[in-house]
Amino acid sequence: MRRWREKLLISASWVAALGVLAVVGVLVMFLVVRSANVLGPTLLFGDVPWTQAVFAGARVFDGIWPAVAGTLILVALSAGIAIPLGVAAGVHLSEYAGPRFRASVTLVVDVLAGIPSIVMGLFGYSMILLLRKTIAPEAKTGLLLAAACIALLVLPYMIRATQSALGGLPMRIRLLGPSLGMSQTQTLHRVLIPAASRGILSGAILSVGRAAEDTAVIMLTGAVATAGGRGPQDIMAKFEALPFKIFVTAAEHNTAAELDQGFGAALVLLALTATLFVGAYMLQRSLERRWTS
Amino acid sequence: MDQLITVDGLSVWFGEARVLADVDIEFRKGELTALIGPSGSGKTTQLRAVNRMNDLFPGVHTQGEVTLSLGDASVRAYGDGMDVAVLRRTAGMVFQDPNVLPASIRKNFALPLRHVLGLGKAEIEGRMEATLRDVELWDDVRDRLGDPAQTLSGGQQQRLCLARVLSMEPKALLLDEPTASLDFLATRRIEHLLEWLKERFPILAVSHSLGQTSRIADKAYVLKEGSVVETLDRSALHNAERLQKLAEELF
Ligand SMILES: Nc1ncnc2c1ncn2[C@@H]1O[C@H](COP(=O)(O)OP(=O)(O)O)[C@@H](O)[C@H]1O
Ligand SMILES: [Mg+2]
């Protein structure tokens, strides 16, 4: 009886695991099939040579390169804001904060994590309205505002990932540094953060993925369908981004070819996040190797 | 000058709970001093009071004094201006379960030697080899210093921890049941090392076994519910009848 149940459980978990693979496989296949006749350099750059588009700032009007560049820079900016802030806040909550402060901040972080991204977009938009009525009549939505709002959106993941990675370390490893005469800061930098790096980095990976795919925030804070055929030139200006491009194409395409390009953009977005994930994973591996050897 | 550590009127509270009550003990170079008692009697807390590791736990409160007379002058562990990092380096500690860093064998030495003592590469390698030889581990690990320390056996890990502490050149040792998780042979190797180390500095060792204590200790304090209830000298430690009675009382 017991063995039978065990077998059932094992097969159920196999089915679940294979099911996930199958769903992802079908999704990718679908995107590949739908975008098959647009895949290739022209999808990204139209008929402009890619070196011209990437390095010389040539304008690309019938490719998605501007949106790819926009998304990459948006992700870099928001990760650049959210990761250091989130790690610092997580370290503080886990290592330095008193229990009451920790409890109240944790509550706030949870509330922040629960805010829908459309609300975060509205918040960014209202900030601009407020600025216009008060100190900066010239203020308008743009890349920096979008990056800041995306950063706010992913900040709670970063904080919680850091906090729980550090909080989950066993007491024995916490005692080790001090027992060898390390200061609290040395223990934190040399022992605890490296030991928790896996958890912290998986928070960063989640954040980057979230930043790359979010549409609701950027459509209210500066993303546009066409921004002059180039990637972002100015962080205060409007910009193109892949998820918004896909959204607009899906909603407003005129020809079947345009729709195919939309599917191509979706596939590129998927490939982009996959590349970011692999990059983050390799970074983590090399950091870990450097720490452990 | 005699090298010794004295604990005077030490009481420790965790929150409201008084875990140690007015403990007086002393341990000196040349004698292996053991601390025995049932589980929960406060042995670990007593050990951690010497190098102020208890301070790392929230809600802890300590009263009394620990005096270390290990060189020309005596210093008070709980005195004003005591640098706890220096104190913890002076009284090196080995934990009950082998506490290796989840990193290479070499890194286990390099991290404290470089960041705490500020030593350079050559000096680190030198101390690592010397202390690994002291604990008779060098021949086992010399070709695999880059391997994760967790790949060593429990006994080897515990000797690594001992070597790591010795490489910091402490002036006293605090050992918390260093053989509790080891098999018979590994236990005997550590005991053998202690016989030799006790001639170098004062050692206070918590032991879970009366048999072990009678085998290797020169003096033993018996803790019960946070108080020292008996002090055993060498003749008492070899008195089978008395040990038998103690075992019945305690465990
Ligand atoms: N960090 C701590 N917080 C609260 N209570 C503790 C802590 N450490 C130990 N105690 C309590 O102090 C008592 C003595 O513990 P300990 O010194 O570990 O005993 P032993 O090492 O003899 O088994 C136990 O009742 C234990 O529950
Ligand atoms: Mg104990």
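**Aromatic pairs, an interface and two unusual backbone angles**

With a relative accessibility of 41%, F247(A) falls in the partly exposed class, because that class runs between 20% and 50%. The model is a predicted one, and this residue is a handy way into chain A. F247(A) has a ring partner in F244(A): the two make a tilted aromatic pair, with 6.1 Å from centre to centre and 35° between the planes. Both residues sit in helix α11 of chain A (residues 242-252), three residues apart, or about one turn of the helix. Their surroundings are not alike, though: F244(A) has a relative accessibility of 10% and so counts as buried, whereas F247(A), at 41%, is partly exposed.

Over all chains, the count of aromatic pairs comes to five. Another of these is found in chain B, where F14(B) and F57(B) meet edge-to-face, 6.2 Å centre to centre and with 90° between the planes. Here the two rings come from separate parts of the chain. F14(B) belongs to strand β1 (residues 4-14), while F57(B) is in the loop between α1 (43-50) and β4 (60-69), so the pair ties together parts of chain B that are 43 residues apart in sequence. As for solvent, F14(B) is partly exposed, its relative accessible area being 30%.

Zooming out to chain A as a whole, the secondary structure is easy to sum up: 12 helices and zero strands. Read along the sequence, the pattern is simply α-α-α-α-α-α-α-α-α-α-α-α. The C-alpha trace of chain A spans about 65 × 65 × 35 Å along its principal axes. Of the 293 residues in chain A, 41% are buried. Sequence-distant contacts make a big showing too: among the contacts in chain A with a separation of 6 or more, 74% are between residues 24 or more positions apart.

One of the buried residues is T187(A), with a relative accessible area of 4%. T187(A) lies in helix α9 of chain A. Setting aside neighbours within four places in sequence, T187(A) is in contact with R174(A), G177(A), P178(A), M182(A) and L192(A).

Now for the interface. Where chain A meets chain B, 17 residues of chain A are in contact with 23 residues of chain B. Between them the two chains bury about 1900 Å², and 67% of that area is on carbon and sulfur atoms. Zero salt bridges are found across the interface of chain A and chain B. Polar contacts do turn up, with six residue pairs counted between chain A and chain B, both residues at pLDDT 80 or more. On the side of chain A that touches chain B, the elements giving two or more residues are α8 (171-179), α9 (184-213) and α12 (256-292). Of these, α8(A) gives the most, with seven residues. By class, that side of chain A has nine nonpolar, five polar and three charged residues.

A closer look at H115(B) puts some detail on the picture. This histidine is in helix α3 of chain B (residues 105-115). The side chains of H115(B) and R190(A) are joined by a polar contact of 3.5 Å. Neighbours within four places in sequence aside, H115(B) is in contact with Q186(A), R190(A) and A110(B). At 18% relative accessibility, H115(B) counts as buried, because the class takes in values under 20%.

Elsewhere in chain B, the backbone offers a couple of oddities. Most residues other than glycine have a negative phi. E169(B), although not a glycine, has a positive phi of about 50°. The residue lies in the loop between α6 (154-167) and β7 (172-176) of chain B, and E169(B) is exposed, with a relative accessible area of 53%. E225(B) is another non-glycine with a positive phi, this time about 45°. E225(B) lies in the loop between β9 (219-224) and β10 (227-232) of chain B, and with a relative accessible area of 70% E225(B) is exposed.

Finally, A247(B) is found in helix α10 of chain B (residues 240-250). With a relative accessible area of 26%, A247(B) is partly exposed. A247(B) and Q157(B) are 90 residues apart in sequence, and their C-alpha atoms are 30 Å apart in space.

Technical notes: Residues are numbered from 1 along each chain as its sequence is written. Chains are lettered from A and ligands numbered from 1 in the order in which they are written. Side-chain values use heavy atoms; hydrogens and water are left out. Contact means heavy atoms within 4.5 Å. Buried area is the accessible area (1.4 Å probe) that two parts lose on being put together, summed over both. A salt bridge is a side-chain nitrogen of Lys or Arg within 4 Å of a carboxyl oxygen of Asp or Glu. A polar contact is a pair of N or O atoms within 3.5 Å; within protein, one must be able to donate a hydrogen and the other to accept it, and residues adjacent in sequence count only if both atoms are side-chain atoms. Helices (H or I, at least four residues) and strands (E, at least two) are DSSP runs, numbered from the N terminus. Ala, Val, Leu, Ile, Met, Phe, Trp, Tyr, Cys and Pro count as nonpolar, Asp, Glu, Lys and Arg as charged, and the others, Gly among them, as polar. Rings of Phe, Tyr and Trp (its six-membered ring) pair if their centres lie within 6.5 Å; planes under 30 degrees apart count as stacked, over 60 as edge-to-face and the rest as tilted. Buried means under 20% relative accessible area, exposed over 50%, partly exposed in between (1.4 Å probe, protein chains only).
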